[in-house]
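Hi,

Here is the structure I promised to pass on. My notes on it follow right below, so have a look and tell me how they read next to your own view.

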Amino acid sequence: MTKLENPVLMATIGGAQGLRGEVRAKAYTADPSALGDYGLLHSMDGRSFEILEIREMKNVVVVRFRGINDRNAAEALNGLELYIERDNLPDEELEDDEFYYADLEGLEALDDKGVSYGTVSGVFDFGAGDLLELKGPGKRPVLIPFSEASVLEIDLEAGTLLIDPLAAGLVDEPELSQFTAGKPKKKK
């Protein structure tokens with residue numbers, strides 16, 4: 001039984017494929033067929049899975065695991081999420097502006113004045129671009145776009161994100177009175 005300290009979701013198993021114990025899986029890797037390159041995959045209940053064969057099929061991969069030899073065993077895995085330890089992900093391959101979602105979780109979102117808007121509790125992609133979920137004490141979770149306009153800087157060492165709250169949709173447009181200060185007001 002393996003207990004992961006910092007798990008990263010790598011794939012979710014779908015239905016069985018054929019009669020030999022293969023399963024369809026949704027891989028969350030840049031190259032879906034590279035799912036087996038990270039070593040053993042683990043479920044949260046402590047089981048480990050070794051990939052013997054993998055091939056791409058439309059928008060999923062078809063995987064055969066060691067010890068899963070028939071359709072019944074494959075069907076029993078439906079819906080199972082598979083993880084690896086964060087330390088098994090290669091950091092040296094990342095570009096300067098690339099991050100693993102797992103590294104963003106827990107970062108505090110601050111504006112340029114140091115005002116906190118909560119911490120990142122999740123990263124989502126519903127098809128129209130990545131979103132960061134921010135949760136603050138006593139506040140409802142909010143979603144902000146993970147874009148260059150709303151997230152200005154990421155400092156993993158300091159554990160912070162510098163955000164533009166206006167671009168992120170966290171504040172309304174500034175009052176016009178702030179821009180017209182010093183100008184005479186019109187009489188009614």
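Setting aside neighbours within four places in sequence, V63 is in contact (heavy atoms within 4.5 Å) with G21, E22, V23, A25, I51, E53 and I54. V63 is found in strand β6, residues 60-65; helices (H or I, at least four residues) and strands (E, at least two) are DSSP runs numbered from the N terminus. V63 counts as buried because its relative accessibility is 0%, where buried means under 20% relative accessible area, exposed over 50% and partly exposed in between, with a 1.4 Å probe and protein chains only. F49 is not on the contact list above: the C-alpha atoms of V63 and F49 are separated by 11 Å, with the two positions 14 residues apart along the chain.

Before I go on, the ground rules. This is a predicted model, in which local features need pLDDT of at least 70 and side-chain atom pairs count only at pLDDT 80 or more, while totals for chains, interfaces and linings use all residues. Residues are numbered from 1 along each chain as its sequence is written, and side-chain values use heavy atoms, with hydrogens and water left out.

Just ahead of β6 is K58, in the loop between β5 (51-57) and β6. Its phi is near 55 degrees, a positive value in a residue other than glycine. Most residues other than glycine have a negative phi. K58 counts as exposed because its relative accessible area is 83%.

Next, Y83 and what surrounds it. Y83 is found in strand β7, and it is buried because its relative accessible area is 12%. Not counting residues up to four places away in sequence, Y83 touches L4, P7, V8, L9, M10, L40, L41, H42 and M44. The side chain of Y83 also makes a polar contact of 2.8 Å with the side chain of E81; a polar contact is a pair of N or O atoms within 3.5 Å, where within protein one must be able to donate a hydrogen and the other to accept it, and residues adjacent in sequence count only if both atoms are side-chain atoms. A128, on the other hand, is 45 residues from Y83 in sequence and 25 Å away in space, C-alpha to C-alpha.

One of the residues that Y83 touches is H42, which sits in strand β3 (residues 41-42). H42 is buried too, because its relative accessible area is 10%. The side chain of H42 has a polar contact of its own, at 2.9 Å, with the side chain of S48.

What about D87, buried or exposed? D87 counts as exposed because its relative accessible area is 68%. You will find it in the loop between β7 (81-85) and α2 (101-104). D87 and N6 are 81 residues apart along the chain, and their C-alpha atoms are separated by 8.0 Å.

Further along, G118 lies in strand β9 (residues 116-125). It counts as buried because its relative accessibility is 6%. Leaving aside neighbours within four places, G118 is in contact with L107, E108, A109, K135 and G136. From G118 to R140 it is 22 residues in sequence and 9.9 Å in space, C-alpha to C-alpha.

Now the chain as a whole. Its secondary structure comes to three helices and 13 strands. The C-alpha trace spans about 85 × 35 × 35 Å along its principal axes. The radius of gyration, taken over C-alpha atoms, is 22 Å, whereas a compact globule of 188 residues would have one near 16 Å, by the rule of 2.2 Å times the number of residues to the power 0.38. Of the 188 residues, 34% count as buried. Among contacts between residues at least 6 apart in sequence, 49% join residues at least 24 apart.

Last, charge: the chain has 20 positive and 36 negative side chains, and the centres of the two sets lie 11 Å apart. Lys and Arg count as positive and Asp and Glu as negative, with His and the chain ends not counted; each charge is placed at NZ of Lys, CZ of Arg, CG of Asp or CD of Glu.

Cheers
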